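Here's a quick briefing to read alongside the sequence and the 3D view. Pull both up and we'll go through the main features topic by topic.

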Amino acid sequence: MRRLPCESHVMTNAYVAPDGNEHAFPDGYELSTDPARLDPARIHAWMSTDAYWAVGRTREKQDAAIAGSLNFGVYEEASRAQVAYARVVTDHATFAYLCDVYVDRSVRGKGLGTALAGAVRDHLAPYGLRRILLATGDAHEVYEKVGFAVLENPGQWMVLGAQ
């Protein structure tokens, strides 16, 4: 299986994807794919109490999700505190599922969600994936800004489990 490095990518105000593309972040924020920088307790608090798709998720379940995923953290440069998160489940060859995208309420409205979605897109580009899928109930405009679109033929898709 062809895998590209997932080492930490941290730049002041910019994220450089593995293919060299640079994606700007608002001043004072940086992105990292280094799992050691993640704040699992904070991520769990966000998911289990404030993310409509994950309310009630246990810490054990959240930690397992983090362990099995490619993780993206956004950090405030001054405090080094994590302020946003996204994870990707992927085979690194044909498919990726972008999920658990969350921006702390205290920093919403600064463009971090769009910057994060764009950085994920850019990070995955070198893999030549056929499709990156996500589901959202309220943030379509965030993802549309970086190229995501509503499924043209949702009747082709099926689901097993909660809807």
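Is Gln62 buried or exposed? Gln62 counts as buried, because its relative accessibility is 0%. Keep in mind that this is a predicted model. With that said, here's what the coordinates show.

**Overall layout**

- The protein has four helices and seven strands.
- Going along the sequence, these elements come in the order β-β-β-α-α-β-β-β-α-β-α.
- The protein has 163 residues, and 41% of them are buried.
- Take the contacts with a separation of 6 or more: 60% of them involve residues 24 or more positions apart.
- About 8,800 Å² of the protein is exposed, with carbon and sulfur atoms supplying 53% of that area.

**Back to Gln62**

- Gln62 sits in helix α2, which covers residues 59–67.
- Beyond its neighbours within four places in sequence, Gln62 contacts Ile43, His44, Met47, Arg57, Tyr85 and Asp100.
- One of those partners, His44, is 18 residues away along the chain, yet the C-alpha atoms of His44 and Gln62 are separated by 6.1 Å.

**Salt bridges**

- Side chains of opposite charge can pair when their charged atoms come close.
- There are nine salt bridges in this structure.
- Three residues, Glu30, Arg37 and Arg80, are joined in a salt-bridge network.
- In the Glu30–Arg37 salt bridge, the closest N and O atoms are 3.1 Å apart, and both residues are buried.
- Arg80 also makes a salt bridge with Glu30, at 2.8 Å from N to O. This pair links distant parts of the chain, 50 residues apart: Glu30 is in strand β3 (residues 29–32), while Arg80 is in the loop between β4 (70–76) and β5 (82–90).
- Why does Glu30 count as buried? Its relative accessibility is 5%, and the cut-off for buried is under 20%.
- Another salt bridge pairs Asp100 with Arg87, at 2.7 Å from N to O. Here too, distant parts of the chain are linked: Asp100 belongs to strand β6 (residues 95–103) and Arg87 to strand β5, 13 residues apart.
- Asp100 is buried, with a relative accessible area of 5%, and Arg87 counts as buried at 11% relative accessibility.

**Tyr29, next door to Glu30 in sequence**

- Tyr29 is part of strand β3 and counts as buried because its relative accessibility is 5%.
- Tyr29 and Ser79 are 50 residues apart in sequence, and their C-alpha atoms are 10.0 Å apart in space.

**Nonpolar cores**

- In soluble globular proteins, nonpolar side chains tend to be buried together.
- The largest nonpolar core here has 29 residues, and Val74, Leu98 and Leu116 are the ones that touch the most other members. At least two residues of this core come from each of β3, β4, β5, β6 and α3 (112–124). Helix α3 gives the largest share, seven residues.
- Which residues does Leu98 touch, not counting those up to four places away in sequence? They are Ala86, Arg87, Val88, Val120, Ile132, Leu133, Leu134, Tyr143 and Phe148.
- A further core of ten residues lies apart from the largest one, and its members include Trp46, Ala54, Ile66 and Tyr85.

**Helix α3 up close**

- How many of the 13 residues of α3 are buried? Twelve are, so α3 is largely enclosed by the rest of the structure.
- The buried residues of α3 are Leu112, Gly113, Thr114, Ala115, Leu116, Ala117, Gly118, Ala119, Val120, Asp122, His123 and Leu124.
- The length of α3 checks out too: at 1.5 Å a residue, its 13 residues should span 18 Å, and the C-alpha atoms at its ends are 18 Å apart, which agrees.

**A nonpolar patch on the surface**

- Val89, Phe95, Tyr97, Val150, Leu151 and Trp157 make up a nonpolar surface patch, with about 480 Å² of accessible area together.
- Of these patch residues, Val89 lies in strand β5 and counts as partly exposed, because its relative accessibility is 34%.

Key:
Residues numbered from 1 in each chain as written. Predicted model: local features only at pLDDT ≥ 70, side-chain atom pairs only at ≥ 80, totals over all residues. Heavy atoms only, no water. Buried < 20%, exposed > 50% of the residue type's maximum accessible area, 1.4 Å probe, protein only. Contact = heavy atoms within 4.5 Å. Areas by Shrake-Rupley, 256 points an atom, 1.4 Å probe, with all protein chains shown as cover. Salt bridge = Lys/Arg side-chain N within 4 Å of Asp/Glu carboxyl O. Core = buried A, V, L, I, M, F, W, Y, C linked by side-chain atoms within 4.5 Å. Patch = residues over 30% accessible without salt bridge, like charges linked within 9 Å, V, L, I, M, F, W, Y side chains within 5 Å. Expected span 1.5 Å × (residues − 1).
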